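Student: I am new to this structure and would like a close look at a single part, the aromatic rings, with enough of the surroundings to place them. Could you take me through it slowly?

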Amino acid sequence: MGIYKGKDIEEAITKGLKDLNVKKEDATIKILEEGSGGIFGLFSKEAEVSITPLSSEEIRKRDQLKKLQLIGSIAGAIFLIVITGLLILFGPKDDTSKSAKQATHSSKVMKQTTDPTSSSIKTDSSSSESSKTSSSETLSSSSSASSSSSAPPSTPSILTAENNTEFATILQTEDPDKINEFVNKYKGQVLEFDGYIADIASSEGRNTYFDILIYSGDFMGKDIANPSPYFKLTEVRPSIDSAFNPFNGNDISEDQNVHIKAKINGYSLNQQLLYLSVIEIKPR
């Protein structure tokens, strides 16, 4: 694995692929830093990526999977063509005599409605059309009223324990099934809550990147903790990330009470970790 930098992500990737002498599809690429141009050219940050070449065994398995997928697609297309042909050959035939009778009946009805002597038929037809129009309007009104009355309430733009009872319940549980159900429903939504830093460690051995574990509520002691999901921030850089500006450059440490606003990224049932993308975090 190698870490490469550039003025943007594309340049960093190009440098890495050239240095490792591999194709893009034959490598695992992870974006570490998207980079930015800064303000008036100041405070700019380079893009940074890590590139790990695939092993020959991984490439062999990938190519084999592509071949199997192609064979499956071809087989599916052939099966669809065969079924369509069988339906055309052995499907139900049109009843031409019945169609002819229906056409004759329609012709007679049309002749009667255009005959000036058939006033009763025209009147009945008009009444029927009027009745249909009235019924249609009534049905449309009922449908609109029903739709209006059953419309679900809107979800707040930021979920808190005060405006969302589901989130208030989740903040006090470690049940992975309930947490997973909540995340599946509100993934991508922004959360805001009080918590504390339960653990902080360098990410993959890099000094400037950290993984932070957060519990809800207040820190009460090393051996005391209320039930809470395990909220995780991955690969954050407190020294330069604007989300950590409220700390004013002070060190972030374990057991510190914080107020956090972050977006739900997903949940790992195996690790029982609720992943967040931090928007703002500040001490309290």
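Tutor: What follows looks at the aromatic rings, after a short orientation and before a walk through the strands. Please keep in mind throughout that this is a predicted model. As a frame, the protein has 6 helices and 9 strands, and of its 284 residues 25% are buried. If one takes the contacts between residues at least 6 apart in sequence, 57% of them join residues at least 24 apart. The protein exposes about 19200 Å², and carbon and sulfur atoms supply 54% of that area.

Now to the rings themselves. A search of the whole structure finds 8 aromatic pairs. One of them is formed by Phe167 and Phe182, whose ring centres lie 5.8 Å apart and whose planes stand at 15°; since planes under 30 degrees apart count as stacked, this pair is stacked. Phe167 belongs to helix 5 (residues 165-170) and Phe182 to helix 6 (residues 176-186), so the pair ties together parts that are 15 residues apart in sequence. Phe167 is buried, with a relative accessible area of 0%, and Phe182 is buried as well, with a relative accessible area of 4%. A second pair to look at is that of Phe244 and Phe247, where the ring centres are 6.4 Å apart and the planes make 35°, so the pair is tilted. Both of these residues, Phe244 and Phe247, are buried.

Returning to Phe167 and Phe182, one can follow the ring pairs outward, for they link these two residues with Tyr186, Phe193 and Phe231 into a cluster. Another ring has a charged neighbour: Arg206 lies over the face of Tyr209, at 4.1 Å from the ring centre.

Phe231 also leads on to the strands, because strand 7 covers residues 231-236 and strands here are runs numbered from the N terminus. Strand 7 runs parallel to strand 9 (residues 273-283), and 3 bridges join the two; within this pairing, Lys232 has Tyr275 of strand 9 as its bridge partner. Strand 9 also pairs with strand 8 (residues 257-268), here in the antiparallel sense and over 10 bridges, with Val258 standing opposite Pro283 in strand 9. Strand 8 and strand 9 form a hairpin with 4 residues between them, and in the turn Gln272 has a positive phi of about 55°.

For the surroundings at the other end of the numbering, consider an open sheet of 3 strands, which follow the order 1-3-2 with antiparallel pairing. Its edge strands, each pairing on one side only, are strand 1 (2-6) and strand 2 (27-33), and neighbouring strands of this sheet are turned by 25° against each other on average, direction ignored. Helix 1 (residues 9-20) packs on the sheet and touches strand 1, strand 2 and strand 3, with a direction that makes about 30° with that of strand 3. Strand 1 and strand 3 (residues 47-53) are joined by 5 bridges; Ile3 has Ser50 as its bridge partner in strand 3, while Gly6 stands opposite Ala47. The two faces of strand 1 can be told apart as well, for Gly2, Tyr4 and Gly6 make up the covered face, whereas Ile3 and Lys5 make up the uncovered one.

How values were computed:
Residues numbered from 1 in each chain as written. Predicted model: local features only at pLDDT ≥ 70, side-chain atom pairs only at ≥ 80, totals over all residues. Heavy atoms only, no water. Pairing = 2+ DSSP bridges. Axes fitted to C-alpha atoms, helices over the stretch in contact; angles between N-to-C directions. Contact = heavy atoms within 4.5 Å. Buried < 20%, exposed > 50% of the residue type's maximum accessible area, 1.4 Å probe, protein only. Phe/Tyr/Trp six-rings, centres within 6.5 Å; stacked < 30°, edge-to-face > 60°. Lys NZ or Arg CZ within 6 Å of the ring centre and 35° of its normal. Areas by Shrake-Rupley, 256 points an atom, 1.4 Å probe, with all protein chains shown as cover.
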